[in-house]
Amino acid sequence: AHCDVLVVGSGPAGLMAALNAARAGARVIVADEGPVMGGSLNNEVEEIGGEAGRDWAAGVIAELSAMAEVTLMPRTTVFGWYDDNYFGALERVQKHVAEPSHDAPAERVWRILAKRAIMATGAEERPLVFGGNDRPGVMTASAVRTYVNRFAVAHGRSGVVFTNNDSGYRTARDLIANGIEVRAVIDGRPDAPDVDAGGAPVVKGAVISDV
């Protein structure tokens, strides 16, 4: 496959990059390893431009899908970037299908030649370390938000949010909005700004030492 711009990742940064390039007339390929385009926006309820992030993503994806020069490739992992902007990608065509067709492969390897490439692969949350952080029931904030916002699954009836940045407060608000009690938001920053915790008590300048 050939394109002017290859965008790896379809989160907020990837979608905006693809949209700007496509509106400028470029041939664009967007590859994302997930089954649904949108990246982290599928797990969030925070607003972008006055609408929920997932709804904003759905609108952008619909616009991209309607453009003849745009190719959206979900379930596709870009595994290598080689000389002359040659990329290798693995598309999982029927790995998820209950009754696979005999007329299509289970997987397909793509060789993509791109004039330009944009890496918009997002980031992995780095967990905070403390005694007992490997116990069942202890998980990263992004995982909890994914469970509750994307899959409507509660991690438990109550919990404590331990954070060193403002995103922990977003986690607390999402949990409370879904009927999960937040016993406390523990913020390791002694000078943390006052952020809406959804009504949960906030302890600043403290850390969890053990679970």
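Asp-4 is buried in this predicted model, with a relative accessible area of 17%. That value falls on the buried side because the cut-off is under 20% relative accessible area. Asp-4 forms a salt bridge with Arg-27, and their closest N and O atoms are 3.9 Å apart. The two residues come from distant parts of the chain, 23 residues apart. Asp-4 belongs to strand E1 (residues 2–8), whereas Arg-27 sits in the loop between helix H1 (12–23) and strand E2 (28–31). Unlike Asp-4, which is buried, Arg-27 counts as partly exposed, at 34% relative accessibility.

The pair is one part of a wider set of charged contacts. Side chains of opposite charge can pair when their charged atoms come close. A search of the whole structure finds 10 salt bridges. Another of them joins Glu-181 and Arg-183, with 3.2 Å from N to O. Glu-181 is partly exposed, its relative accessible area being 42%. Lys-204 and Asp-194 also meet through their side chains in a salt bridge, here with an N to O distance of 2.6 Å. Lys-204 lies in strand E11 and Asp-194 in the loop between E10 and E11, so this salt bridge ties together parts that are 10 residues apart in sequence. Lys-204 is partly exposed, with a relative accessible area of 33%, while Asp-194 is exposed, with 75%. Returning to Asp-4 and Arg-27, salt bridges that share partners join these two residues and Lys-115 into one network.

Strand E11 (202–204), which holds Lys-204, also takes part in the packing around helix H4 (167–177). The buried residues of H4 are Gly-168, Tyr-169, Thr-171, Ala-172, Asp-174 and Leu-175. They pack against helix H3 and three strands: E9 (158–163), E10 (181–187) and E11 (202–204). Glu-181 and Arg-183, the salt-bridged pair described above, fall within the residue range of E10. Just after H4 comes Gly-179, which takes a positive phi of about 80 degrees.

Helix H3 (residues 141–150) can be read in the same way. Its buried residues are Ala-141, Val-144, Arg-145, Thr-146, Val-148 and Asn-149. What covers them includes helix H2 (53–65) and helix H4. The packing of H3 with H4 therefore appears from both sides, given that contact means heavy atoms within 4.5 Å: H4 is among the elements covering the buried residues of H3, and H3 is among those against which the buried residues of H4 pack. H3 is followed by Ala-152, whose phi is positive, near 55 degrees.

The last group of contacts involves aromatic side chains. A pair of aromatic rings is described by the distance of the centres and the angle of the planes. A search of the whole structure finds three aromatic pairs. One of them is formed by Trp-81 and Phe-87, at 4.9 Å centre to centre and with 35 degrees between the planes. This pair counts as tilted, because its angle is neither under 30 degrees nor over 60. Trp-81 is partly exposed, at 46% relative accessibility, but Phe-87 is buried, at 0%. Tyr-82 and Tyr-86 form another tilted pair, with 5.3 Å between centres and 35 degrees between planes. Both of these tyrosines are partly exposed: Tyr-82 has a relative accessible area of 39%, and Tyr-86 has a relative accessibility of 29%.

Notes
Residues are numbered from 1 along each chain as its sequence is written. This is a predicted model: local features need pLDDT of at least 70, side-chain atom pairs count only at pLDDT 80 or more; totals for chains, interfaces and linings use all residues. Side-chain values use heavy atoms; hydrogens and water are left out. Buried means under 20% relative accessible area, exposed over 50%, partly exposed in between (1.4 Å probe, protein chains only). Helices (H or I, at least four residues) and strands (E, at least two) are DSSP runs, numbered from the N terminus. Rings of Phe, Tyr and Trp (its six-membered ring) pair if their centres lie within 6.5 Å; planes under 30 degrees apart count as stacked, over 60 as edge-to-face and the rest as tilted. A salt bridge is a side-chain nitrogen of Lys or Arg within 4 Å of a carboxyl oxygen of Asp or Glu.
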